[in-house]
Amino acid sequence: MVDLQAQYQRIKQDIDAGIQDVIDSTAFIKGQKVADFQAHLEAYTGSGHIIPVGNGTDALQIALMALGLQPGDEVITPTFTFIATAEVVALLGLTPVLVDVDWQTMNMDTESVRRAITPKTKAIVPVHLFGQCADMEALTELARLHHLYVIEDACQAIGAQYTFANGQTRQAGTMGTIGCTSFFPSKNLGCYGDGGAVFTDDDDLAERIRAIANHGSRIRYHHDIVGVNSRLDSIQAAVLDAKLPHLDEYIAARQKAADYYDRAFAGCDRLLIPGREAHSTHVFHQYTLRIVGTDRDALREALAQRGIPSMVYYPVPLHQQKAYLDPRYQDGDFPVAERLAQCVLSLPMHTELDEEQLAYITSNVLDLTLDN
Ligand SMILES: *Cc1c(COP(=O)(O)O)cnc(C)c1O
């Protein structure tokens, strides 16, 4: 699905030198590399403040803690996504309110969000799924009208650009009250372990987020608020700082592979190519087909037999996950998400796909789909 080895080989010298610097300095925690990477990522994204943390899930948890949400407060999040959002909402005793997604873009459906808002709603968490921004114009407007916080889950979408009706272009993670991202190795900007970051333009929130990520401490051994321990370590920061200058190339390589897939599958009505948000670029963390009129799981097995990996992101919507079963929700409540869980299939997507590989993948997908 990904080829991190080939990507490493192309910038091996920079990565090795960065890691060696950290070892030589022995500043493994809170070293200069972390400060450097933070500054470079602030410049790249245009975010006022970036607070590096231990992983993307921590970023989401710290964001919710920083906003001072209380048990019982409702947080609206899509049911078709990775588990992290619902997990941190549950851990903090908040009430997750799930909404359905759009069939074409697979992102949070704005009308469903509008209907889910109650007097207890405190925040909306749009997930920029698979690499394109959710409908941020409408979602930020809804949030403004109802005085809600917006926490962007930009874990899959770093570098995606959204253009508002007034012509202003903003990056994923910089449009909400707080943005969260992950540097998990297979993410579009991935390190060689765990990593994540919190984005905000608000100076006071930034200071609070920094304290929460540091045991709730502003002055050493003085703890004003309950916090956590969540840090990006210096070796990971060195890897990320070496990769960040290449992020735009990486995005372009993914988009080129996606274009190839789109062209190959355009004429096949059993393979629906990913729908595009009107106002967002797509950085293709995943290239996800919807397989209709043929058996997705049989196709997946047949592809595997020909040496082609594929994955189902995500096979079970949040409202059908055992740990999160909730009497408020029944099977059938989120028909789009449930249908997507049955039919999505993600193909190999990374920065090193060449034409030969793409031709092999697409011709086999087409063959096997038509045979079925
Ligand atoms: C990867 C991911 C996360 C969690 O990031 P980790 O760094 O693995 O904790 C959260 N949300 C989404 C949508 C993700 O893809």
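## Basis of the description

Two strands are taken to pair if DSSP finds at least two bridges between them, and strands (E, at least two residues) and helices (H or I, at least four residues) are DSSP runs numbered from the N terminus. The model is predicted, with local features needing pLDDT of at least 70 and side-chain atom pairs counting only at pLDDT 80 or more, while totals for chains, interfaces and linings use all residues. Residues are numbered from 1 along each chain as its sequence is written, and side-chain values use heavy atoms, with hydrogens and water left out.

## The seven-stranded sheet

An open sheet of 7 strands, with mixed pairing, follows the order β1-β9-β8-β5-β4-β2-β3. At its edges stand β1 (49–53) and β3 (95–99), each of which pairs on one side only. From one strand to the next the twist averages 25°, where axes are lines fitted to C-alpha atoms, for helices over the stretch in contact, and angles run from 0 to 180 degrees between N-to-C directions.

Within this order, β4 (residues 121–124) pairs with β5 (residues 149–153) in the parallel sense over 2 bridges, and Ile124 has Val150 in β5 as its bridge partner. Helix α7 (residues 136–146) packs on the sheet and touches β4 and β5 (contact means heavy atoms within 4.5 Å), its direction making about 150° with that of β5. Helix α8 (residues 203–213) lies across β1, β8 (178–182) and β9 (196–200), and runs at about 10° to β1.

## The three-stranded sheet

A further open sheet, of 3 strands in the order β12-β13-β14, has antiparallel pairing. Because β12 (271–272) and β14 (344–347) stand at the edges with a single partner strand each, one side of each is left without a neighbour in the sheet. Strand β13 (residues 287–291) runs antiparallel to β12 and is joined to it by 2 bridges; the bridge partner of Leu272 in β13 is Arg290.
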